[in-house]
Amino acid sequence: MKVYVASAAGHWPAAYNVILALDGHGHTITHDWTADIRNGIYNVPGKLTDAQMHGLADADIVAVQEADAVVLLYRAGMRGAWCEVGAALALGKPVIVLDDEDKITDDAAPCVFLYHSLADRQRTITGVLALLAFYNECGHPVTAIAKNGG
């Protein structure tokens, strides 16, 4: 499947590990935004030009549009990745929330969209891979019901 991995930029090493795991299991990553960080594009926070920010934002949204599913590496209190999650949900794409630190229930103000009917929560990368395999075979239950008119 084609997958976009979303998370806050500050959690890029963990997001990169998720990307490597998905890629290692045959999934296509629609945009590896962690490469921008690993290659030094984010090396001076707050110093990106408007044109650079524009390009990064466009690349992320195009990658969500191209994806079959989005995996959100969740961290309590994070500020990044909500735009990508919203775009995925608006496009009717499933979002798998990888909450490997079990923090959603501890978050003082969790995002309501973590509970959307297209969002599924998993605690491990193994669970994410199993759910992607299920989606690939059967489709997401909510989108399958909508496509069949009921």
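About 7900 Å² of this protein is exposed, and carbon and sulfur atoms supply 55% of that area. Keep in mind as you look around that this is a predicted model. The chain has 150 residues, and 41% of them count as buried. There's also a lot of long-distance contact along the chain: of the contacts with a separation of 6 or more, 69% are between residues 24 or more positions apart.

Now let's sort out the pieces. The secondary structure adds up to six helices and five strands. If you walk along the sequence, you meet them in the pattern β-α-β-α-α-β-α-β-β-α-α.

The strands are a good place to start. They form an open sheet of five, in the order S2-S1-S3-S4-S5, with parallel pairing. Which strands stand at the edges? Those are S2 (28-29) and S5 (119-122); each has a single partner strand, so one side of each has no neighbour in the sheet. For a look at one pairing, find strand S3 (residues 69-73) and strand S4 (residues 95-98), which pair in the parallel sense over four bridges. Here you'll see Val71 standing opposite Ile96 in S4.

Next, add a helix to the picture. H5 (residues 125-138) lies across four strands, namely S1 (2-6), S3, S4 and S5. With respect to S4, helix H5 runs at about 170 degrees.

Back towards the start of the chain is helix H1 (residues 12-24). Its 13 residues should span 18 Å at 1.5 Å a residue, and since the end C-alpha atoms are 18 Å apart, the two agree. Which residues of H1 are buried? They are Ala15, Val18, Ile19 and Leu22. Look down the axis of H1 and these buried residues fall within an arc of 100 degrees, so they line one face of the helix. That buried set packs against quite a list of elements: S1, S2, S3 and S4 from the strands, plus the helices H2 and H5. Just after H1 comes Gly26, whose phi is positive, near 90 degrees.

Helix H3 (residues 50-66) can be read the same way. With 17 residues at 1.5 Å each, H3 should span 24 Å, which agrees with the 24 Å between its end C-alpha atoms. Its buried residues are Leu56, Asp60, Ala63 and Val64. Seen down the axis of H3, they fall within an arc of 105 degrees, so they too line one face of their helix. What covers them includes S1, helix H2 (34-38), S3 and helix H4 (82-90). And what about the face of H3 turned away from the buried side? There you'll find the exposed residues Asp50, Ala51 and His54.

To finish, zoom in on a single residue, Ala88, which lies in helix H4. Is Ala88 buried or exposed? Its relative accessibility is 0%, and because anything under 20% counts as buried, Ala88 is buried. Leaving aside residues up to four places away in sequence, Ala88 touches Val64, Val70, Lys93 and Val95. Val64 should ring a bell, as one of the buried residues of H3. Ala88 and Gln65 are 23 residues apart along the chain, yet their C-alpha atoms are separated by 7.3 Å.

Technical notes. Residues numbered from 1 in each chain as written. Predicted model: local features only at pLDDT ≥ 70, side-chain atom pairs only at ≥ 80, totals over all residues. Heavy atoms only, no water. Pairing = 2+ DSSP bridges. Helix = DSSP H or I, 4+ residues; strand = E, 2+ residues; numbered from the N terminus. Contact = heavy atoms within 4.5 Å. Axes fitted to C-alpha atoms, helices over the stretch in contact; angles between N-to-C directions. Buried < 20%, exposed > 50% of the residue type's maximum accessible area, 1.4 Å probe, protein only. Areas by Shrake-Rupley, 256 points an atom, 1.4 Å probe, with all protein chains shown as cover. Expected span 1.5 Å × (residues − 1). Arc of directions from axis to C-beta.
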